[in-house]
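User: I am new to this structure. Please take me through it, and give the reasoning behind each label.

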Amino acid sequence: MVLQPVVLSGGSGTRMWPLSREKFPKQLLALTGDSTLLQATVARTEGIAGAAGITNIEVAAPVVVCNEEYRFLVAEQLRAMGKPGTVILEPVGRNTAPALTLAALAAAEADPVMLVMPADHFLQDIPAFCSTVARAAKLAADGAVVTFGICPDAPETGYGYIQVGAAYGSEGDEVFAPAPAPGGARRIARFVEKPDAATAQRYLDDGGYLWNSGIFVLRASVWLRALSACRPDIHAACTAAWEQRPVSADFVRVDAQAFTHCPGDSIDYAVMERLVDTPELAPGVVLPLAAGWSDVGAWDALWKVSPKDDDGNAVHGDVLLHGCAGSLVQSESRLVACVGVRDLVVVETADAVLVAHKDRTQEVKQIVDALRSRGRSEGLTHRKVFRPWGWYDCVDAGERFQVKRIVVQPQGVLSLQLHHHRAEHWIVVRGTARVTCADKNYLVSENQSTFIPLGVRHRLENPGRVPLEMIEVQSGSYLGEDDIVRFEDAYGR
């Protein structure tokens, strides 16, 4: 049995602002350890082969579906962990059902069992996860569509719920037992939207409801057949986009025009909920997952899964606390000190600080909406911006000037470009820069500088083996990032 991990790396994570931004969402951040959430998602599949006594599983290289805008960030994170896999690019976001369909079309010929995972979830007990996946893969190989349900330990209003039905036998036959074994597969009775507090408490007291994890195990052919019956419009649009895809050496791109016309919908709405009423398409099955799962959907969720001191405080970075309890305090660029606070979330970044009560972190998205409506960049990007060649950090700015710290990775090459409204002064502080300026090509070493006049074609390269670090001082009447004309670009931008 071939198990194909499919990682859906969409979403902007607005409730995790200011650390998560639209241009750098939470799945690309290291929120729960040294690895990013995306890297942790890919890494947790390594123990599946042989789990739960099932030895005939071969785990394939991962397939990651992400927005075109994140392609270099995703590819670099996979490269850094030695898991290049396949990266399928969506020209626009259309929710999880079209994203899964692209992955299924890519795998259709081999028809593997697909393990479909959001890129931004946290799991504490990886062996338990691998064991549950191995059990689910056996059911999926026989035609079931399996999802994982989390046993609720609180009346949570931020999750959807699954009501469980009759027991489901390992061979695909229903077992109408009054009390199925704990942890056994169950038919899905219905999906329930995020409830209010009273309804969530009722679900918890009932005991027949699980949190909807958003993790699925199913064959590629089963998904495509069920989608064709339930949402033929999505199936047709994705198929057209896939069949008309252009050739690309580094990424799998789909036809932008065809995919843009695809309706947006989630896996649950498009197919899973409909399987309850049309089980002849495929059995809809839920397996309980007890592995310390969290969707890390808001700051209070991160507090719950983080290590804490004796007073219940979770801290990260340069933090000093005195007389504090039950709080999450995170520092990214400077010292943060708190005195006498309780049940707060304090998150500091280079350009923004969030202070919120732990019980109201779901409302952080309202701040992001306000930033967008006012046209403020803090909702979109960090001060430090990553590029395929490295990164830059805007360390100071004022009227008619801007100062950036620039790091170009070894062999990194910026595009051949010009600016209509600004000149640039480059100072090398580490490494060696190869500079193209008009018709000249020359090297600039440490403690040397060069000047790029307004309106002149230029390019910056790092020919060395160590990162090139520079200070760039821009001056001119307009300093926006859109004042750039590219003539050549190694990254196809």
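User: What secondary structure does the chain have, and how many helices and strands are there?

Analyst: The chain has 11 helices and 31 strands. The model is a predicted one.

User: How do you know whether the radius of gyration agrees with a compact globule?

Analyst: Set the value against the rule. The rule is 2.2 Å times the number of residues to the power 0.38. For 493 residues that gives a radius near 23 Å, and the chain has 25 Å, so the two agree. The C-alpha atoms fill a box of roughly 80 × 60 × 40 Å along the principal axes.

User: How many of the residues count as buried?

Analyst: Of the 493 residues, 52% do. The cut-off for buried is under 20% relative accessible area.

User: What share of the contacts joins residues at least 24 apart?

Analyst: The share is 70%, taken among contacts between residues at least 6 apart in sequence.

User: Why is Val296 called buried?

Analyst: Its relative accessible area is 0%. Buried means under 20%, so Val296 qualifies. Val296 lies in the loop between strand S14 (293-294) and helix H10 (299-305). Its phi is positive, about 45°, although Val296 is not a glycine.

User: What makes Gln411 exposed?

Analyst: Its relative accessibility is 54%. The cut-off for exposed is over 50%, so Gln411 counts as exposed. Gln411 also has a positive phi, about 70°, without being a glycine. It sits in the loop between strand S23 (401-408) and strand S24 (416-418).

User: What makes the peptide bond between Trp17 and Pro18 stand out?

Analyst: That bond is cis, with omega about 10°. Pro18 lies in the loop between strand S1 (2-9) and helix H1 (37-43).

User: How do you know what span to expect for helix H7?

Analyst: Take 1.5 Å times one less than the number of residues. H7 (residues 232-243) has 12 residues, and 16 Å is expected. The helix reaches 16 Å from its first C-alpha to its last, close to that value.

User: Which residues of H7 are buried, and what covers them?

Analyst: The buried residues are Ile234, Ala237, Cys238, Thr239, Ala241 and Trp242. Their cover includes strand S4 (86-90), helix H3 (96-107) and helix H6 (220-230).

User: Why is H3 called mostly covered?

Analyst: Buried means under 20% relative accessible area. In H3, 10 of its 12 residues are buried, so the label fits. Among them are Leu100, Leu102 and Leu105. H3 reaches 17 Å, close to the 16 Å expected.

Key: Residues are numbered from 1 along each chain as its sequence is written. This is a predicted model: local features need pLDDT of at least 70, side-chain atom pairs count only at pLDDT 80 or more; totals for chains, interfaces and linings use all residues. Side-chain values use heavy atoms; hydrogens and water are left out. Helices (H or I, at least four residues) and strands (E, at least two) are DSSP runs, numbered from the N terminus. Buried means under 20% relative accessible area, exposed over 50%, partly exposed in between (1.4 Å probe, protein chains only). Contact means heavy atoms within 4.5 Å.
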